[in-house]
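Here are my notes on this model, set out point by point. Please read them with the structure open.

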Amino acid sequence: MKIAIIGGGLAGLSLSILLGRQGFEVCLFEAGDYPRHKVCGEYISNESKPFVEALGFPFEKYNVPAIKHFRLTHYLGYKAQTTLAKGGFGISRYALDSELYQIALQEGVSVFTQTRAQSVEKQGDKIILQTADNQIFEVDLVVGAYGRVSNFQHNTAQNAKAQPFIGVKYHIEADLPADYIEIHTFRGGYCGISQIETGKFCLCYLTQNKYLKDHKGDLNAFEQNILAENPFLKRHLAQPKVMEGVTTSQFYFGIKPQNEPHILPLGDAAGFIPPITGNGMSLAFRASAELYKLILDYNTHKSYETLQKAHQNYIQKYLNHRITQGVFLQNLLFRENRLFQTLMMKSFQYVPFALQMMTRKAVGKDIETPKAPK
Ligand SMILES: Cc1cc2nc3c(=O)[nH]c(=O)nc-3n(C[C@H](O)[C@H](O)[C@H](O)COP(=O)(O)OP(=O)(O)OC[C@H]3O[C@@H](n4cnc5c(N)ncnc54)[C@H](O)[C@@H]3O)c2cc1C
C-alpha cells in the first residue's frame with residue numbers, strides 16, 4: 001500500500017516513521033526544510049516520552065532537561081507554584097523535527113522537502129496528489145498533517161473565524177532552574193519559559209493582535225510596554241536573546257471543519273489546542289499512534305469507510321474533549337475581571353493543590369507505544 005503524508009511536522013514525521021518501519025511505501029511532502037525554528041513553547045508532556053523513545057529519538061545525544069515544577073505569575077503581581085503531576089521535558093523543535101526527519105529517512109520514507117502538496121483528487125480506486133511544482137503521485141491513502149495553517153484549509157469557514165492572535169518565540173539566556181516551567185500572564189496574553197537541550201530557554205508567547213497593533217507591530221516596544229507589566233516576566237525580558245524571533249498568526253482553537261473528503265486530517269490540521277496546555281505536540285504524537293493502528297487495520301480489511309469513521313470518532317470524542325479542557329484553561333487566564341483574577345491567583349497561592357488540579361486538566365494518559373513490526 002502506498003501512503004502520502006502532507007506535512008513533515010511532528011504528526012506527519014512520527015506517522016511516517018511508524019508506517020515506514022512496518023514496510024509501507026510512504027512519501028512525505030514538506031513545504032519547508034530541516035532543521036528549522038518553529039513557534040512553539042518546546043515543552044513536551046511526559047505522556048509522550050515513551051512514544052518519542054519508541055520512535056527512536058536519540059535522547060542520549062542531548063542534555064534534555066526534565067521539567068517537574070510549574071510557576072504561574074500574574075501581571076497584577078501574584079505568583080503561585082506547584083509540582084507537576086506528570087511533568088515533561090524541554091527540547092527545541094530545531095533538534096526534534098530534524099532528528100525525526102533523519103529517522104524517517106532511515107526507515108525508508110521518501111521525504112520531499114521544499115515540496116508543497118497542491119491538490120488531492122480521487123480517480124477510481126486511486127488518489128492523485130499533485131505538488132505545486134507539478135509532480136504527480138498515485139497513492140492509496142492521503143494523510144493531511146499540514147498543521148494549523150495550510151493551503152488545504154484556506155477557504156473553510158473556520159479560517160474566516162480565525163482568532164486574531166499572534167505567537168512569538170525566542171531562545172534566551174535565563175536565570176531559572178532547569179526543572180521549572182513558568183507561565184506569565186500579561187494583558188491580552190501569556191508567555192511560557194522553560195529550558196531546552198542547549199541550556200538556553202525557550203520564551204514563547206501568545207497575544208491578541210489588538211495589543212500589538214497599538215504598538216504598530218513593533219515587537220520590542222510591545223514587549224517592553226505590555227509583557228514587562230508583569231514584574232516576574234520583566235526580569236526575563238532583560239536577558240539576552242540568542243536567536244531572532246519567529247512569529248505565527250491565524251489561530252482557531254477547536255476541531256477544524258474538513259473540506260477534503262479524501263484526506264485524513266492529523267495533528268493540528270484536525271484541531272488545535274491552546275498552547276497554555278503545553279500539549280499540542282503530545283496530541284500530534286497521540287493522533288499518529290491512533291491513526292497508525294487504524295491504517296494497519298485498513299490494510300487487512302480494506303474498508304475506507306470504517307477507517308474514516310474510527311478516525312473521526314477519535315477526533316470528535318477524544319481530541320475534542322482535550323481541546324475543550326484547554327480552551328477552558330485559556331479562558332480562565334483571559335478573563336479581564338480584576339476581582340476574578342485576584343481571587344484565582346490567591347487561591348492558587350494558598351492552595352497549590354488547586355493549581356496542580358488545574359494543570360492535571362491539561363494532560364492525558366501515556367501514549368500507547370506502537371507494537372514492533374512483525
Ligand atoms: C505559540 C505556540 C506555543 C506552543 N507551545 C507548545 C508547547 O510548549 N508544547 C506543546 O506540546 N505544543 C505547543 N504548541 C503546539 C505545537 O507546536 C503543535 O501542536 C504541533 O507542532 C503540531 O504538530 P503538527 O505536525 O500537527 O503541525 P506542524 O508542526 O505545524 O507541521 C505542519 C507542517 O506541514 C507543512 N505544510 C503545510 N502545508 C503543506 C503543504 N501543502 N504541503 C507540504 N507541507 C505542508 C508545514 O510546513 C509544517 O512543517 C504551541 C503552538 C503555538 C502556536
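**Notes on the ligand shell, the sheet and the helix packing**

1. The model is predicted. In it, 41 residues surround the ligand. Gly-9, Gly-41, Gly-147, Gly-267 and Gly-280 are the closest.

2. Which elements supply at least two residues each to the shell around the ligand? They are helix H1 (10–21), strand S3 (43–45), strand S14 (201–208) and helix H8 (280–301). H8 gives the most, with four residues. By class, the shell holds 19 nonpolar, 17 polar and five charged residues.

3. Five strands make an open sheet. The order is S6-S2-S1-S10-S17, and the pairing is parallel. Strand S6 (110–112) and strand S17 (264–265) stand at the edges; each has a single partner strand, so one side of each has no neighbour in the sheet.

4. Strand S10 (residues 141–144) and S17 run parallel and are joined by two bridges. Val-143 has Leu-264 of S17 as its bridge partner.

5. H1, which also supplies the ligand shell, lies across strand S1 (2–6), strand S2 (25–29) and S10. H1 runs at about 165 degrees to S2.

6. H8 packs with helix H9 (residues 304–334) at an angle of about 160 degrees, and their axes are 10 Å apart. Angles over 145 degrees count as roughly antiparallel, so H8 and H9 are roughly antiparallel to each other. The crossing of H8 with H9 is right-handed.

7. On the H8 side, the contact includes Leu-283, Glu-290 and Tyr-298. On the H9 side, Ala-310, Tyr-314 and Arg-322 are among the residues involved. The contact of H8 with H9 has eight nonpolar, three polar and two charged residues.

Notes
Residues numbered from 1 in each chain as written. Predicted model: local features only at pLDDT ≥ 70, side-chain atom pairs only at ≥ 80, totals over all residues. Near = placed C-beta within 6 Å. Nonpolar A, V, L, I, M, F, W, Y, C, P; charged D, E, K, R; others polar. Pairing = 2+ DSSP bridges. Contact = placed C-beta atoms within 7 Å. Axes fitted to C-alpha atoms, helices over the stretch in contact; angles between N-to-C directions. Parallel < 35°, antiparallel > 145°, perpendicular 65-115°, else oblique. Left-handed = near helix turned anticlockwise from the far one by under 90°.
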